[in-house]
Amino acid sequence: MIRAAITGIEVYVPDYILTNEELSRMVDTSDEWIMTRIGIKERHIIREEGKGSSFVGVRAVEQLLKKTNTKPEEIDFVICATVTPDYQFPATANIIMDKCGIRNGFGYDLNAGCSGFLYSLVTGTQFIESGRYKKGIVIGAEKMSSIVDYTDRNTCCIFGDGSGAVLLEPTTEDIGVIDSQLLSDGVGAAHLHQKAGGSVKPASHETIDNREHFIYQEGQAVFKWAVSKMSDVTEEVMKRNNLTVDNVAYLIPHQANLRIIDAVGKCLGFPPEKVMVNIERYGNTTSATLALCLHEWENKLRKGDNLVLTTFGAGFTWGAVYLKWAYDPKE
Ligand code: UT7
């Protein structure tokens, strides 16, 4: 049986750091409120004019190709998870491919809210498992700052910009993506969406005046769904693969709110040292959170380690993936 293994990972965040201190000069908030209610200290923001999500995506992919000694012409496909594409079309994946010299493959974007990276990983896994494709790249790339209303204290403290990219390759060893469960429920659209800019309500003077191009979120509803759905789907995937807190090396949850992460970890019985958390330094980077975690822990991971990833996001979308890490730390 052919499985899809992550054989390399790279990330990129922009230089500019937006601190709680700076935010508290922009809206009525405080470091204390943000740290206790969300657990974020700072986030990275693209400040330069004319740079979109591809700016951070290209850097992650360039670094990934270099690190894994992969030539651009070897890449068969690129899937870019994003809710902040450079343009409505063409796909940001195609823009990233062009800038990285990837011309022998196909690419497209995938929008599954904050679950985009997990959905893309599972989609890429199917291409690899089919036996037809040998090297694929899955990217999460976001410029969340382009859709954040920096006059709305309910949302502006949460999000950050960043990207992560993984290389997927086939293996016949018992490693790589072993199992997954993806779910969605469109009822969630009411609680988390962007009101204008799509085909229902194209951009107009009125939509701009009404500030309808920003993230609209009913935080408490999303919070409750996120805790219960991430816990349930992770429990299901663990159960059917005979995984327990003891034989799982790490739980890697989407980084939306430290209180959500803590609640999910507690519900599943994971001790804090087995839960990857770095929300404090990046905020919620939507499609990039899982890669930012995996990359930060890369040197602690060993070949064969059982990892469980889980996400929840706009749609609503959610899911869990069980993967066995494919390599030991490289020198
Ligand atoms: O990744 C996509 C999925 N998204 C999520 O998972 C987000 C899920 N939701 C959340 O993380 C939380 O609901 C939020 C962080 C968005 C909000 O936290 P909360 O504890 O649910 O606060 P709340 O919305 O219930 O607001 C409580 C109070 C309100 O004041 P009043 O009405 O009680 O006077 C808010 O106006 O906190 C106020 N508030 C703030 N105060 C200071 C909201 N934002 C702020 C702020 N600073 N930044």
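**Notes on the ligand site, a second pocket and some backbone features**

1. A good place to start is Trp33, where a polar side-chain atom sits 3.4 Å from a nitrogen atom of the ligand. That is a polar contact, meaning a pair of N or O atoms within 3.5 Å; within protein, one must be able to donate a hydrogen and the other to accept it, and residues adjacent in sequence count only if both atoms are side-chain atoms. The backbone takes part too: an N or O atom of the Arg153 backbone lies 3.0 Å from a ligand nitrogen, and a backbone N or O atom of Gly219 also lies 3.0 Å from a nitrogen atom of the ligand. The protein covers 75% of the 950 Å² of accessible area that the ligand has on its own (Shrake-Rupley method, 1.4 Å probe; for residues, only the protein chains shown count as cover).

2. Before going on, please keep in mind that this is a predicted model, in which local features need pLDDT of at least 70 and side-chain atom pairs count only at pLDDT 80 or more, while totals for chains, interfaces and linings use all residues. Residues are numbered from 1 along each chain as its sequence is written, and side-chain values use heavy atoms, with hydrogens and water left out.

3. Around the ligand there are 21 residues, the closest being Thr29, Arg37, Gln220, Asn257 and Asn284 (a heavy atom within 4 Å counts as near). By class, nine are nonpolar, eight polar and four charged (Ala, Val, Leu, Ile, Met, Phe, Trp, Tyr, Cys and Pro are nonpolar; Asp, Glu, Lys and Arg charged; the others, Gly among them, polar).

4. Helices H2 (31-37), H7 (219-240) and H8 (258-268) each give at least two residues to this shell, and H7 has the largest share, with four. Helices (H or I, at least four residues) and strands (E, at least two) are DSSP runs, numbered from the N terminus. Domain 1 (3-174) and domain 2 (178-324) each supply at least three shell residues; the bounds come from an automatic or database domain assignment.

5. You may also like to look at the backbone. A cis peptide bond links Phe89 and Pro90, with omega about 0°, and Pro90 falls in the loop between strand E4 (77-81) and helix H4 (92-100). Another cis peptide bond joins Gly315 and Phe316, with omega about -5°; Phe316 is in the loop between strand E12 (306-313) and strand E13 (317-324).

6. Lastly, Asn69 is not a glycine, yet has a positive phi of about 50°. Asn69 belongs to the loop between helix H3 (53-67) and E4.
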